[in-house]
Amino acid sequence: MNKTLVFTDMDGTLLDHHTYSFEAAKPALSALESKSIPVIPTTSKTFAELQPLRERIGLDGPFIVENGAAIFIPHGFFKQKPSGTVWVDGYWCKAFISNKNYWIKLLEKVGSEFDGKFTQFSKMSLEEIQDSTGLDEKSASLAAKRQFGEPVLWLGTDDEKKRFLNAITERGAFPLEGGRFIHISGNCDKGQALKWLASEYQKQYVTKVQTVALGDGKNDIAMLEAAHIPIRILSPVNLPPAVQKEEVYTSTLTGPEGWNEMLTQLLSL
Ligand SMILES: [Mg+2]
């Protein structure tokens, strides 16, 4: 028998873009649970940010954080400890890139050349992080607990930023510009993480695995392209991401409504 796995983005996909509600997805969520089909959060969020969400939604299986930087699998979830994982806080953790300290050291090396031109999460107070992100205190403190990368707030000119991005890329980082921050970390994406976890399920269950992925944004493209069944969830703020794949499904409804719509149809829930 095939084992189906559902990998899902959180913001704008399982969670409503504006209200963060997942209410509309509840029918599909409980149907998946009754069929023992795991729902695997695959998100840009940190481990710390995702914990309260997993609890609220009622998901207690594996999950993927920081845009594919690492997979966390509850200890004992599989019969055997997956190879390449380390024990972290009750989880088996598979990391695809170096941890935050590595990137902070790299920033120190490059930093002397760009003195006063940038600041970064680890040097900012909670208030400063709140001011520059617009997050409330609790959310800012959870967002600050990044394990695999370091967000940089650029204070210099655009030309200086270009030089900075070159310098940091030459040293092996993959800077990602988004909003006000430049996220400094390594080469990882949600697609690579999906493939690793799917092959681990295949090994442990000795069965064919079928992967479904749902996402609404550009950082979901690699995950959608890696999945057997890619589903784009309509967004109220951006166009569906361009996916290079012959068969791609797109919801007619947005967020959790679209999530419920598509999984109910495609998996005959
Ligand atoms: Mg999203």
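Here are some friendly notes on this predicted model, point by point.

1. **Two domains.** A good place to begin is the overall division of the chain. The domain assignment gives domain 1 as 3–96 + 189–266 and domain 2 as 100–184. Domain 1 is thus written as two stretches of sequence, and domain 2 as one. Between the C-alpha centres of domain 1 and domain 2 the distance is 27 Å.

2. **Where the domains meet.** On the domain 1 side, 11 residues are in contact with seven residues of domain 2. About 790 Å² is buried between domain 1 and domain 2, and carbon and sulfur atoms give 60% of that area. Which three residues of domain 1 supply more of its buried area against domain 2 than any other three? They are Ala48, Glu49 and Glu66, which together supply 49% of what domain 1 buries there. Ala48 and Glu49 belong to the stretch covered by helix H2, residues 47–57. As for how such figures are read, the size of an interface is often given as the accessible area lost when the parts come together.

3. **The magnesium site.** The magnesium ion is coordinated by Asp9 through OD, by Asp11 through its O atom and by Asp216 through OD, at 2.2 Å. In sequence these donor residues follow the spacing D-x1-D-x204-D. Is Asp9 buried or exposed? Asp9 has a relative accessible area of 5%, so it falls under the 20% limit and counts as buried. Asp11, in contrast, is partly exposed, with a relative accessible area of 32%.

4. **Parallel strands E1, E11 and E12.** Strand E1 (residues 3–8) runs parallel to E11, and six bridges join the two. Within that pairing, Thr4 has Gln210 of E11 as its bridge partner. On to the next pair: strand E11 (residues 209–215) is joined to E12 by four bridges, again in parallel. Here Ala213 stands opposite Pro230 in E12, and Leu214 stands opposite Ile231 in E12.

5. **How enclosed these strands are.** Six of the seven residues of E11 are buried, so the rest of the structure largely encloses this strand. The picture for E12 (residues 229–234) is similar: five of its six residues are buried, so E12 too is largely enclosed by the rest of the structure.

6. **The four-stranded antiparallel sheet.** This is an open sheet with the strand order E3-E4-E6-E5 and antiparallel pairing. Why is one side of E3 and of E5 left without a neighbour in the sheet? Strand E3 (63–65) and strand E5 (86–88) stand at the edges and each has a single partner strand, so one side of each has no neighbour there. On average, neighbouring strands of this sheet are turned by 35° against each other, direction ignored. Looking at one pair in detail, three bridges join E3 to the antiparallel strand E4 (residues 70–74), and Val65 stands opposite Ala70 in E4.

7. **Helices across the sheet.** Helix H2 (residues 47–57) lies across E3, E4 and strand E6 (91–95), and its direction makes about 145° with E3. Helix H7 (residues 190–205) also lies across E3, E4 and E6, at about 30° to E4.

8. **Gly58.** In the loop between H2 and E3 you will find Gly58. Gly58 is partly exposed, with a relative accessible area of 48%. What distance separates Gly58 from Ser30 in space, C-alpha to C-alpha? It is 9.8 Å, although Gly58 and Ser30 are 28 residues apart in sequence.

9. **Two positive phi values.** These two residues deserve a look on the display. Most residues other than glycine have a negative phi. Asn67, in the loop between E3 and E4, has a positive phi near 60°. Asp89, in the loop between E5 and E6, also has a positive phi, near 50°. Their accessibility makes a contrast: Asn67 counts as buried at 18% relative accessibility, whereas Asp89 is exposed, with a relative accessible area of 61%. Both loops link strands of the antiparallel sheet in point 6, since its order is E3-E4-E6-E5.

Terms used. Residues are numbered from 1 along each chain as its sequence is written. This is a predicted model: local features need pLDDT of at least 70, side-chain atom pairs count only at pLDDT 80 or more; totals for chains, interfaces and linings use all residues. Side-chain values use heavy atoms; hydrogens and water are left out. Donors are N, O and S atoms within 2.8 Å of the metal (3.2 Å for Na, K and Ca); water is not among the atoms, so sites may look incomplete. Buried means under 20% relative accessible area, exposed over 50%, partly exposed in between (1.4 Å probe, protein chains only). Two strands pair if DSSP finds at least two bridges between them. Axes are lines fitted to C-alpha atoms, for helices over the stretch in contact, and angles run from 0 to 180 degrees between N-to-C directions. Contact means heavy atoms within 4.5 Å. Domain bounds come from an automatic or database domain assignment. Buried area is the accessible area (1.4 Å probe) that two parts lose on being put together, summed over both.
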